[in-house]
Amino acid sequence: MHEWILVIVGLPLVGGAAWLLALVALESRRCRVVCLMYHRLVSREAYERQRGTEETVFSLPADAFEEQIVHLKQAGYTFLTPDDVRRVALGERVVDGPAVLLTFDDGCVSVDRVARPVLEKHGARGTVFVTTDPRAYVFGRGDGDERRLTDEELRGLDGDTVNVESHGVT
């Protein structure tokens, strides 16, 4: 049996990179994959205006996201796709050093407008899991960066930097 651990981090923590450095120290053993899950990336100003647990838990300031990507790169993380993780789990791929799977739930347009350019800039990868119903409740709350990516935008997004997978319907 191949040793590997998948750690799910469901809450975007803001306020420096101390949590990320602790994670790096804990997860730097061979054949370990960390999964970081995001939803919406917003401007710092928009984040500070948000009220309520739902909005602040599922949003992250764009500058904090880029800071996290920089720290992961500096710590030597390899950025994987879901298929890469499957191959690691099956022993078909060996990853020397720490590895990370970046995921974005729902398919908000900020994945294309904010995340993709940051990932490209730093040579990183991510995966968006798209809610298949554009009318799902998650898209009707807040500013324009919360709308769902259109089918055309999704086709343009799927590639070397961000790949597209299916989420639930609503």
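Tyr38 and Phe65 are both buried in this predicted model. Their rings sit with centres 5.0 Å apart and planes at 90°, so the pair is edge-to-face. Tyr38 belongs to strand E2 and Phe65 to helix H4, so the contact ties together parts 27 residues apart in sequence. Strand E6 (residues 99-106) is another element to follow here: 8 of its 8 residues are buried, so the rest of the structure largely encloses this strand.

**Aromatic cluster**

- The structure holds 3 aromatic pairs.
- Phe65 also pairs with Phe104: the ring centres are 5.8 Å apart and the planes lie at 65°, so this pair is edge-to-face.
- Phe65 lies in helix H4 and Phe104 in strand E6, so their pair ties together parts that are 39 residues apart in sequence.
- Ring pairs thus join Tyr38, Phe65 and Phe104 into a cluster.
- How buried is Phe65? Its relative accessible area is 0%.
- Phe104 is buried too, with a relative accessible area of 0%.

**Strand E6 and its partners**

- Strand E2 (residues 32-38) pairs with E6 in the parallel sense, over 6 bridges.
- Within that pairing, Tyr38 stands opposite Phe104.
- Strand E7 (residues 126-130) runs parallel to E6, and 4 bridges join the two.
- Phe104 stands opposite Val128 of E7.
- Strand E5 (residues 78-80) pairs with E6 in the parallel sense over 3 bridges.
- Leu80 has Leu101 of E6 as its bridge partner.

**Crossovers**

- From E5 the chain passes through helix H5 (residues 82-89) to E6, in a right-handed β-α-β crossover.
- A right-handed β-α-β unit is also made by E6, helix H6 (residues 110-122) and E7.

**Helix H5**

- Which residues of H5 are buried? They are Asp84, Val85 and Val88.
- Viewed down the axis of H5, these buried residues fall within an arc of 100°, so they line one face of the helix.
- The cover over the buried residues of H5 includes E2, E5 and E6.
- Gly91 follows H5 and has a positive phi, near 80°.

**Nonpolar cores**

- In soluble globular proteins, nonpolar side chains tend to be buried together.
- The largest nonpolar core here has 28 residues.
- Phe65, Ile69, Leu72, Val100, Leu102, Phe104 and Leu119 have the most contacts inside this core.
- Which elements each supply at least two residues of this core? They are E2, H4 (62-74), E6, H6, E7 and helix H7 (151-157).
- Another core, of 8 residues, lies apart from the largest one.
- Among the residues of this second core are Leu80, Val85, Ala99 and Leu101.
- Leaving out residues up to four places away in sequence, Ile69 touches Phe79, Leu102, Val118, Leu119, His122 and Ala124.

**Residues that recur**

- Phe104 stands opposite Tyr38, stands opposite Val128 and pairs its ring with that of Phe65.
- Val85 is a buried residue of H5 and a member of the 8-residue core.
- Leu80 and Leu101 are bridge partners, and both belong to the 8-residue core.

Note on methods
Residues are numbered from 1 along each chain as its sequence is written. This is a predicted model: local features need pLDDT of at least 70, side-chain atom pairs count only at pLDDT 80 or more; totals for chains, interfaces and linings use all residues. Side-chain values use heavy atoms; hydrogens and water are left out. Buried means under 20% relative accessible area, exposed over 50%, partly exposed in between (1.4 Å probe, protein chains only). Two strands pair if DSSP finds at least two bridges between them. A crossover is right-handed if, with the strands pointing away from the viewer, the path from the first strand over the helix to the second runs clockwise. The arc is that of the directions from the helix axis to the C-beta atoms. Contact means heavy atoms within 4.5 Å. A nonpolar core is a set of buried Ala, Val, Leu, Ile, Met, Phe, Trp, Tyr and Cys residues joined through side-chain atoms within 4.5 Å. Rings of Phe, Tyr and Trp (its six-membered ring) pair if their centres lie within 6.5 Å; planes under 30 degrees apart count as stacked, over 60 as edge-to-face and the rest as tilted.
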